Amino acid sequence: MDRRRHREEQVFNVVTPTERERQEDTIRGQQRRYFRIMIPCLVLVVFGFFVPAPTPLRVAALAVAAVMPPIAAIVGSNKPY
């Protein structure tokens, strides 16, 4: 009988985020998306300058890394809909 009463009295805790919390969540999401692209970019730059690999491979890594920061800025600044 106690179990049945417990089921009937079940209360749900619904929390609505404030405007500031929603904005902070949006900023955190944008930062995550930005860093998901910038970290591989930095790895490619380190590879291009410091790894003793064949020169064409190093130049290709640096060329790809040169294109990634603007892409990271665009992806990081877009709001998810």
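**Entry 1: a starting question**

What covers the buried residues of helix 2? I looked this up in the predicted model, and the cover includes helix 3, residues 55–77. I then turned the view around and found that helix 2 is part of what covers the buried residues of helix 3.

**Entry 2: the overall plan**

Next I stepped back to see the whole chain. I found three helices and zero strands, and from the N terminus the elements run α-α-α. Of the 81 residues, 15% count as buried. The accessible surface comes to about 7200 Å², and 63% of that belongs to carbon and sulfur atoms. I also checked contacts between residues at least 6 apart in sequence: 59% of these join residues at least 24 apart.

**Entry 3: helix 2**

I followed helix 2 from residue 19 to residue 50. Its 32 residues, at 1.5 Å each, should span 46 Å, and the end C-alpha atoms are indeed 46 Å apart, so the two values agree. Where does helix 2 bend? I found a bend of about 25° at Phe35. The residues I noted as buried in helix 2 are Gly29, Gln30, Ile37, Met38, Cys41 and Gly48.

**Entry 4: helix 3**

Helix 3 has 23 residues. From first C-alpha to last it reaches 34 Å, close to the expected 33 Å. I marked a kink of about 30° at Met68, shortly before the proline Pro69. Its buried residues are Ala61, Ala65, Met68, Ala72 and Gly76.

**Entry 5: where the two helices meet**

Which residues make up the largest nonpolar core? I listed six: Ile37, Met38, Cys41, Ala65, Met68 and Ala72. Helix 2 and helix 3 are the elements that give two or more residues to this core. A general note for my margin: in soluble globular proteins, nonpolar side chains tend to be buried together.

Met68 caught my eye again, as the kink of helix 3 lies there. Leaving aside neighbours within four places in sequence, I found Met68 in contact with Ile37, Pro40, Cys41 and Leu44.

I also visited Ala60 in helix 3. Is Ala60 buried or partly exposed? Its relative accessible area is 39%, so Ala60 counts as partly exposed. Its C-alpha is 8.1 Å from that of Gly48, which is 12 residues away along the chain.

**Entry 6: charged pairs**

How many salt bridges does the structure hold? I read off four.

Glu19 pairs with Arg22, and their closest N and O atoms are 2.9 Å apart. Both lie in helix 2, three residues apart, about one turn of the helix. Glu19 is exposed because its relative accessible area is 57%, over the 50% cut-off. Arg22, at 39%, counts as partly exposed.

Glu24 forms a salt bridge with Arg20 at 3.1 Å, N to O. A salt bridge also joins Glu24 to Arg28, at 3.9 Å. Arg20 sits four residues from Glu24 in helix 2, and Arg28 is likewise four residues from Glu24 in that helix. Why might such spacing suit a pair? An α-helix has 3.6 residues a turn, so residues three or four places apart point the same way.

I noted the exposure here too. Arg20 is exposed at 62%, while Glu24 is partly exposed at 33% and Arg28 is partly exposed at 41%. My last jotting is that Arg20, Glu24, Asp25 and Arg28 are linked in a network of salt bridges.

Note on methods. Residues are numbered from 1 along each chain as its sequence is written. This is a predicted model: local features need pLDDT of at least 70, side-chain atom pairs count only at pLDDT 80 or more; totals for chains, interfaces and linings use all residues. Side-chain values use heavy atoms; hydrogens and water are left out. The expected span of a helix is 1.5 Å times one less than its number of residues. The bend at a residue is the angle between axes fitted to the seven residues ending there and the seven starting there. Buried means under 20% relative accessible area, exposed over 50%, partly exposed in between (1.4 Å probe, protein chains only). Contact means heavy atoms within 4.5 Å. A nonpolar core is a set of buried Ala, Val, Leu, Ile, Met, Phe, Trp, Tyr and Cys residues joined through side-chain atoms within 4.5 Å. Accessible areas come from the Shrake-Rupley method with a 1.4 Å probe; for residues, only the protein chains shown count as cover. A salt bridge is a side-chain nitrogen of Lys or Arg within 4 Å of a carboxyl oxygen of Asp or Glu.
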